[in-house]
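Reader: Got a structure open and some time to go through it. Can you walk me around?

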Amino acid sequence: MAETKKRQFKLFGLWAYEKEARWLEAMAARGWRLEKVRLFFYEFVEAEPQDLLYYIDLKFAGKATDAEYEAIFKDAGWNLVCSSGLWRYFVTVPGNKYANVYSDNDSLLKKFRALVLVHITSLVLLLTNLSILSKRIALAQNLFLELLMLLVFLLFITLASSLLKLIGIVARLNRGVRE
């Protein structure tokens with residue numbers, strides 16, 4: 001019998017990784033086990049409904065290799081489900097004594113500061129693109145370029161809004177308040 005698969009589109013802000021994990025847990029409880037994530041598309045395989053815990057972590061290039069990084073999670077009872085860009089999707093069962101992956105504010109603060117840096121870099125690149133597009137549009141009216149500029153501008157606004165949320169999270173973590 002062939003596996004039943006399901007593909008679903010869902011948007012989450014970068015700061016909302018815990019909300020995304022709760023949604024994946026609800027999908028598992030309804031009998032849909034996560035298999036793959038590509039951008040905002042989630043692929044599931046039909047399975048027996050299960051009570052699972054998901055954790056989504058941002059893996060930057062750093063001291064630990066991918067194998068070392070994944071081994072740390074595996075040693076704590078978390079299994080890698082899939083990767084999507086810099087994001088890693090892990091799963092474990094309830095009752096895992098290491099269910100709280102980031103148990104201290106310093107680790108969370110480091111993670112969210114890295115997200116802020118990614119946002120700032122992306123915003124600078126988008127601002128550069130907006131500048132180039134506006135100069136090209138001024139030289140020659142082109143509907144395609146105008147639509148492209150609108151899309152880049154909307155992406156810029158979305159990222160700027162996301163950055164403000166992340167800055168708020170970092171400020172709360174700096175005060176010692178956990179998310």
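Reader: Which residue is the bridge partner of Q8 in strand 3?
Author: Y42 is the partner of Q8 there. Keep in mind that this is a predicted model.

Reader: In which sense do strand 1 and strand 3 pair, parallel or antiparallel?
Author: Antiparallel, over 5 bridges. Strand 1 covers residues 5–9. Strand 3 covers residues 41–46.

Reader: And strand 2 with strand 3, over how many bridges?
Author: 6 bridges, in the antiparallel sense. Strand 2 spans residues 32–38. One of its residues, W32, has E46 as its bridge partner in strand 3.

Reader: How many residues lie between strand 2 and strand 3 in the hairpin?
Author: 2 residues. L39 sits in that turn and has a positive phi of about 55°.

Reader: Switching to charges. How many salt bridges does the count come to?
Author: The count is 5. As a rule, side chains of opposite charge can pair when their charged atoms come close.

Reader: Start with R22. With which residue does R22 form a salt bridge?
Author: With E25. Their closest N and O atoms are 2.9 Å apart. Both residues belong to helix 1, residues 17–29. They are 3 residues apart, about one turn of the helix.

Reader: Is E25 buried or exposed?
Author: Buried, at 13% relative accessible area. R22 is partly exposed, with 42%.

Reader: OK, K36. What does K36 form a salt bridge with?
Author: E43, with the closest N and O atoms 3.8 Å apart. K36 is partly exposed at 30% relative accessible area. E43 is buried, and its value is 19%. The cut-off for buried is under 20%, so E43 falls on the buried side.

Reader: What about K111, which side chain does it meet in a salt bridge?
Author: D57, at 3.3 Å from N to O. K111 is in helix 3, residues 105–139, while D57 is in strand 4, residues 53–58. So the pair ties together parts that are 54 residues apart in sequence.

Reader: Are K111 and D57 buried or exposed?
Author: Both are buried.

Reader: Which residues are joined into one network by salt bridges that share partners?
Author: R7, K36 and E43.

Reader: New topic, the open sheet. What is the order of its 3 strands?
Author: The order is 4-6-5, with antiparallel pairing.

Reader: Which are the edge strands?
Author: Strand 4 and strand 5, the latter at 79–84. Each pairs on one side only.

Reader: By how much are neighbouring strands of this sheet turned against each other?
Author: By 25° on average, direction ignored.

Reader: Over how many bridges do strand 4 and strand 6 pair?
Author: 6 bridges, antiparallel. Strand 6 runs over residues 87–92. For one pair, take I56: its bridge partner in strand 6 is Y89.

Reader: Now the helices. Which strands does helix 1 lie across?
Author: Strand 4 and strand 6. Helix 1 runs at about 145° to strand 4.

Reader: And helix 2, which strands is it touching?
Author: Strand 4, strand 5 and strand 6. Helix 2 covers residues 66–75 and packs on the sheet. Its direction makes about 25° with that of strand 6.

Reader: Back to helix 1 for a second. Which salt bridge partners lie in it?
Author: R22 and E25 both do.

Terms used:
Residues are numbered from 1 along each chain as its sequence is written. This is a predicted model: local features need pLDDT of at least 70, side-chain atom pairs count only at pLDDT 80 or more; totals for chains, interfaces and linings use all residues. Side-chain values use heavy atoms; hydrogens and water are left out. Two strands pair if DSSP finds at least two bridges between them. Helices (H or I, at least four residues) and strands (E, at least two) are DSSP runs, numbered from the N terminus. A salt bridge is a side-chain nitrogen of Lys or Arg within 4 Å of a carboxyl oxygen of Asp or Glu. Buried means under 20% relative accessible area, exposed over 50%, partly exposed in between (1.4 Å probe, protein chains only). Axes are lines fitted to C-alpha atoms, for helices over the stretch in contact, and angles run from 0 to 180 degrees between N-to-C directions. Contact means heavy atoms within 4.5 Å.
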